[in-house]
Amino acid sequence: MKYSELFCQSNYSFLCGASSPAELVTTASFLGYEALAITDECSVAGIVRAFDEITHQKLPIKLIVGSYFVFDETLSFVLLCPDKAAYSELCRIITNARRRSEKGEYQLAEWDLRTIRHCKFIWLPSGKETQDKHWAEWLLKHPSIDVYIGAQRLLDGRDHHRFAHYNALQSTYSFPVIACTGVLMHHADRLPLQHVLHATKVHTSVDEIGRSALSNAERSLRTIHKIKKLYPEKWVANTNALSQLFTFSLEELRYQYPAELVPKGYTPTSYLRERVEEGIKIRFPEGITTEIRQTIEKELTLIAEQEYEYFFLTIYDIVQFAKQQRILYQGRGSAANSVVCYCLEITAVDPRQISVLFERFISKERNEPPDIDVDFEHQRREEIIQYIYKKYGRERTAIAATVICYRFKSAFKDVGKALGFSESQLDFVVKQINRRDSVIPWKSQLANLGLNPQEKRVQQLINLTESLLGTPRHLSQHVGGFVISAGPLYDLVPVENAAMEARTIIQWDKDDIETLGLLKVDVLALGMLSAIRRAFALINKQYPVQTSIPFITKLGDDKQVFDMICRADTVGVFQIESRAQMSMLPRLKPRRYYDLVVQIAIVRPGPIQGDMVHPYLIRRHGNETIEYPSKEVEKVLSRTMGVPIFQEQVIQLAMVAAGFSGGEADQLRRAMASWKKDGRIFEFRDKLIKGMTDKGYDNTFAHNLFEQIKGFAGYGFPESHSASFAVLAYVSCWLKFYFPVEFYVALLNSWPMGFYTPSQLVQDAKRHNIHVEAPCVNKSDTEHTLVIVNQEKRIQLGLKLIKGLSETSSQQLVKNRPNKGYVNIEQLHQLSLKSNELEALASADALRTISGNRYETRWRIMDTQTRLPLFDAEEKYTDENISTLNVSPSDAENLLEDYASTGLSVNNHPISLLRQQHQLKDISWSNSLVTKKNKSVVKVLGAVTGRQAPGTAAGVTFLTLEDDIGNMNVVVWQSTARAQQQIFLKAKLLQVNGIIERSKEGVIHIIAGKLIDRTPWLEQISLNSRDFH
Amino acid sequence: MLWAYIYCYQLTLDSHNRATRRTAAHYQESCVGANHKGSSLPLSTPVVVYCSKINKIVQCNDIAKTEGIEIGHGLAQAAALCPYVHVLPFNEENERHMLTQLAHRLYPLASDIVLDSHACAGGLAIRLDNLTHYYGGHEPLWKTLTQALSESDVRYHFGCAWTIEAAKVLALQKYNTYVCTRDDIKKALNACPLSLTALAPKVIESLARVGITSVQQLLDMPVQELGRRFDNNTIMYLTALRGETFPRVTLFRPLERFDNFLLLPFDVENIQHLTPFVTQQLEHLSHYLRARNLYTSNVAIYIQFREAPPMNIEIQSALPQSSVKSWLPLFTLKIENLVLPEPATAVELKCHQFEEIDTHNGDFFSDRFNDVAQKQLIGRLNAKLGDKSTFQPRAANSHQFEYMTVTEPNVPEYAYACDTAPTFTFDVPTPLTQPTQICFGPLRLNSEWWHDRPTKRDYFIAQTPQSVRLLVFKDEESRWWVQGLFC
């Protein structure tokens, strides 16, 4: 006997279906079903997963695409797609229903039903006679709809009633009856999970769900034998007959790229070639070597074979727009491995500088679309998005979805709530569980947190949490992955509203897009690009030579810039500015571009957990000979001194050393990316180790490699990615060294971005002997500017820094500023600025050139009577008016006001004030540490600006102390922190008595001994530390 | 005018300490020689009161302070500083209850009391100037009041000044000195920072940003200058602070019913362990009734929990009573069969109906059958036998036939929730022993996996040769059982 299930919801029917599409198709196939329809509620989000599983596992089952809808309380139905036309129709109906509603909701209209022409309509009668009669008659009036009655037998005590009702409807209206289940689970074992999901959906606990829950597990995939016993033969025969009509497969979806990109008279191939040839002239003005020519030809041939020309041309078009608009951009990711991308000006990495391997970008064997991520200036990315919408229209453009799945915390909490645990207890437990603890698994930790793992309900909590992990929760918006098509996108995939206004997303995520071979364009935002573009604009205004990224990279590796990098003088630059990167710089001593590529990739949890950093440093300094187990391995690892540092190297090692095929290596790559989610990486463990030992490699080498792969998973950095980042890192360092004022101005104007606050950036600028002027109503623009005073470049801080002053008001202030500047407050009053904005200006001391001290000025502005029209300007601001306040701020109060108004002070540092007030003779300041002997005892004092406790550092906390001269790095061992916990956690101003530890490379750390809380000295001076626990 | 402001800065903590001491004493008395320590905390435990609304510690005992915990810390910081700290949740309503109880206690001594309960702490203002001549001067009056306060075992700071507003600033400043002359009050106020005033935070910030940070600076400023810069509310407050105006206040009036709230020093899991706390409450009630020459026949005890709604235990007595001895056995009977849904955090005793003692209701035996009405009978039965002793059927929200018909006292409706539900359902199914014929089914139940005994059954309606319809089921081991009977 044959059977096809035509009504089945996967876990993409959020909080309803309890099995994944893959589990459903695998089980249905195992049970011998001929076909399975995945019919999620107003969604096709799960079908690609089912399709992927069938294709990969070569399952002998047909996938039918459909969707379940609830029109209202009286009508629910399933639409199934027999052909491509029906699929497009379904996508249109879902799109319309979704677009009418808020994110995550849908609203069908009767019009949607009337327009059904191609889909098969499986009506699920409600069982209420009057309503069903109404809808049966309505459906009869619309003969274009091919109606079937979907009969469900659920053994819930109502089957007799239902069957009688189906028979009555069939005999009255002649709609054929088909058998269906309405599957929600692939196996009856999933019933508890389904109950938990349902309880979560209705915001209650399983104890309370009562009759709204499923009474049994009959809504699972049942054996065909059982189906035969449950349904009349005729109905099953009808089902099978209907299922024969479905011929549509997702393979039929042919994605058409917008054709308008290719001018008349060109083929996509010829046009792309022409663009590349044009690019060669720009990128290689001196001509190209035979080797590069060969690479380009090879790439172009492969692109033509795979028909990816439109994809390259689309991105080319977008970056050309960015170029025209002077929006800085840079391609990254595996695209950096392509010379064609370099010639099309998509990427900036000169192929001569890194080991280019185009196969990593596009591979015939992998047969997957190329991944080109382009970063744009974060402040101007919206212009690019609007350009895409404008050029292709909103019908043809949408952003890819991201499927938000249950992670540990959300799963634990939802299951816990459903099982009746109190929310406060769950909150407490979730906060206390240390998922990083590799010694005690989280389940065992529960015992110490008041939950006894022996108790049945706690066991249920553990098991169901495990089951819920990875279950989709809702769809969200991808950071910037656009899908653009030739025709309306809703013919291809349903489109729905995103949370952000005027944004729409498709129902598939990046993996689905990849599976179906669709191409997406990643339009991402990067703050450093804004800063670099701003710096270039400032420089180009002053000098005839046009500075740009290619201009700087072409100058080659600059010794002085690398000297600065080796000194770790990298506050504010791209990527190598963090505390961990800065402490590595003097050790790794980068001297050329490729060293930066390594530097960026090596300070990552992947290489650190894989124990690759130390061996690399030893070998780099020539303290250890490098031996390779084979020539193949040498080829892969020689550029990184025999230590695998990049993700690509690990993949290549799997291929050359363990004999993985390209396809297997690709699966390994995917498993690496998601091993925390599904642990699929362990499927490869034995194969990898056996493959290597078979090839004669040492067993230890094989095990080590697997551990390294695990370490990389999720955190590994691809070389191509690092190469692109290294360009920006180098360019930002170059700017910082040669044009520091322009660099800081650009950085401050691009803020928020990067690792440091404006206050820290200004402190760094001052350490580089740059004069910084506080905001002033007569000197500042809205933004920060570069000013030249006595032939000296200075930073003039802008009015945007003043808290409480709107951008419009500051623009108004600048626009209406008289040539000689404002001379009294009344002129500012006349600009109709709000009084609180004037007060903000006064407190920031921005009115210092036209009024008295900031207290008096604010006091005068606060006076509401002087704003009355009967007072004239002179009368308003007589000395008598201000005499009531006889207070002038002290240095400390000025500093306090600076921080309160602008978040920084250009005139003073809290530590310099403290130096005046306290006897601090025995304190060593940051600039004097270099003169101290290694291992000598020192006392240092500073504001705590950072507490960093990386998971990779085994309980050590790195404190950053800032004094008025510079930063100091303090290492606090776990035992020290525990012994002096109060001070360690609370102090904002800290004195550390410790021992200097200076590495061979000159990196200075203070190993904390005694911690003394000096916060009371600060009193009101508020310096918030950035804690990273 | 002269007002004293009593700032009770740790009412929750005080209540906790009192109850802890009492429990310790109770166990010492009742369990001498037995190795039974109860579940109370030692007094040396660091204890903090945490307000989740603002995520701050709002009260902490001295032991917690020595561990480095300070008021204003977040819970995470407190837990990091002292992992074994005992955390009590802050409940605004509970604090108000405790403040009201204190006011009740002081009311016989001072008539003009103003309750001032705000976000995280509360206080009482007591007008003193109109009482001095009753007490024969400032000193005896103040002595009487402080005596009552110390008997209440409440920790406080106080201040005295010409208005409540000014007295409160001094109390917050922990001035704790009785002053009654204008100069002394002014001097004391001058030393206070502006942050202690009740000015809006925005106003305080505005003033700080022109360098005015102390009350003295503010009081020295001409009012008209301030009037040009701040709104009326601010100016009104300032004049009250100066003692130039006296804002109208609502005086405390004691309740005409008994309502006593007690925060438990620790979470009590076993209802039997609530007895010492309820006894304490009943003692208060007994004092209250005797002072007024009243009796009552109805007492309500509310047990409060962290998450679950409060449990209401109504105790009715056929005879009006007042003594602890009479009420306690009824309470003990009542709770015999009760189980707490989760650990109790507080106990509240309320009494609304009182009866005066007169000769007519002095003898209950003369007409007792009329007096003890049906409801009272049910009440007494319930008290003796537990709530489940008298019941009526009700349809429940469950697939399980066992739970489909539940019982609840005094609910008149009776409805079937399922068309297959039998007229009578057996709590415990009986084995099917007679031959039957299936006439409906199956109805498969696979549910309640979260209970100890999950259900996996196929239900049928079966008919006996005598045409009796039974609800029967087959269990996982293919055994047949009768679950109910159709009439």
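Reader: Before we look at this predicted model, what counts as buried, exposed or partly exposed here?

Author: Happy to start there. Exposed stands for over 50% relative accessible area, and partly exposed covers what is in between. Buried means under 20%.

Reader: Thanks! Is A:Ser76 buried or exposed, then?

Author: A:Ser76 sits in strand β4 of chain A, which spans residues 75–80. Outside its neighbours within four places in sequence, A:Ser76 is in contact with A:Tyr68, A:Phe69, A:Val70, A:Trp123 and A:Leu124. Its relative accessible area is 15%, and the cut-off for buried is under 20%, so A:Ser76 is buried.

Reader: Which strands are the edges of the seven-stranded sheet in chain A?

Author: The sheet is open, has mixed pairing, and follows the order β1-β2-β3-β4-β5-β6-β7. An edge strand here pairs on one side only. Those edges are β1 (4–5) and β7 (177–180) of chain A.

Reader: And which residue stands opposite A:Glu5 in β2(A)?

Author: Strand β2 of chain A covers residues 35–41, and β1(A) pairs with it in the parallel sense over two bridges. Opposite A:Glu5 in β2(A) stands A:Leu36.

Reader: What angle does helix α10 of chain A make with β7(A)?

Author: Helix α10 takes in residues 233–243 of chain A and packs on the sheet. The strands touched by α10 are β1, β2, β3, β5 (120–123), β6 (146–152) and β7 of chain A. Between the directions of α10 and β7(A), the angle is about 90°.

Reader: At what angle does helix α2 of chain A run to β3(A)?

Author: Helix α2, residues 47–57 of chain A, lies across β2 and β3 (62–72). Its angle to β3(A) is about 165°.

Reader: How far apart are the end C-alpha atoms of residues 4–73 of chain A?

Author: This span comes from an unreviewed UniProt entry, which lists it as "domain: Polymerase/histidinol phosphatase N-terminal". In the model the span is 30% helix and 29% strand. Its end C-alpha atoms lie apart by 27 Å.

Reader: What separates the centres of domain 1 and domain 3 of chain A?

Author: The domain assignment of chain A places domain 1 at 4–252 and domain 3 at 556–727; it also includes domain 2 (407–469), domain 4 (769–902) and domain 5 (910–1028). Taken over C-alpha atoms, the centres of domain 1 and domain 3 are separated by 49 Å.

Reader: Let's turn to chain B. How many helices and strands does chain B have?

Author: Chain B has 487 residues, and buried residues make up 47% of them. Of its contacts with a separation of 6 or more, 59% are between residues 24 or more positions apart. The count for chain B is 17 helices and 19 strands.

Reader: Which residue of β19(B) stands opposite B:Thr425?

Author: These strands belong to an open, antiparallel sheet of five strands in chain B, ordered β15-β19-β18-β17-β16. The edge strands are β15 (424–431) and β16 (437–447), each pairing on one side only, and neighbouring strands are turned by 25° against each other on average, direction ignored. β15(B) pairs with β19 (residues 480–485) in the antiparallel sense over four bridges. Opposite B:Thr425 stands B:Gly484.

Reader: Where is B:Pro442 placed?

Author: B:Pro442 is joined to B:Gly441 by a cis peptide bond, with omega of about 5°. The place of B:Pro442 is strand β16 of chain B.

Reader: Where is the cis proline A:Pro752 found?

Author: The cis peptide bond joins A:Trp751 and A:Pro752, and omega is about 10°. A:Pro752 is found in the loop between α35 (740–750) and α36 (758–767) of chain A.

Reader: Is B:Glu448 buried or exposed?

Author: B:Glu448 is not a glycine, yet has a positive phi of about 55°. This residue lies in the loop between β16 and β17 (455–463) of chain B. With a relative accessible area of 8%, B:Glu448 is buried.

Reader: Which three residues supply 22% of the area that chain B buries against chain A?

Author: Contact between the chains involves 44 residues of chain B and 53 residues of chain A. Together they bury about 4,000 Å², with 51% of it on carbon and sulfur atoms. The three that supply 22% of chain B's buried area, more than any other three residues, are B:Arg209, B:Arg228 and B:Trp449.

Terms used: Residues are numbered from 1 along each chain as its sequence is written. Chains are lettered from A and ligands numbered from 1 in the order in which they are written. This is a predicted model: local features need pLDDT of at least 70, side-chain atom pairs count only at pLDDT 80 or more; totals for chains, interfaces and linings use all residues. Side-chain values use heavy atoms; hydrogens and water are left out. Two strands pair if DSSP finds at least two bridges between them. Axes are lines fitted to C-alpha atoms, for helices over the stretch in contact, and angles run from 0 to 180 degrees between N-to-C directions. Domain bounds come from an automatic or database domain assignment. UniProt positions are given in the numbering used here, feature names are shortened, and annotations may be inferred rather than shown by experiment. Contact means heavy atoms within 4.5 Å. Buried means under 20% relative accessible area, exposed over 50%, partly exposed in between (1.4 Å probe, protein chains only). Buried area is the accessible area (1.4 Å probe) that two parts lose on being put together, summed over both.
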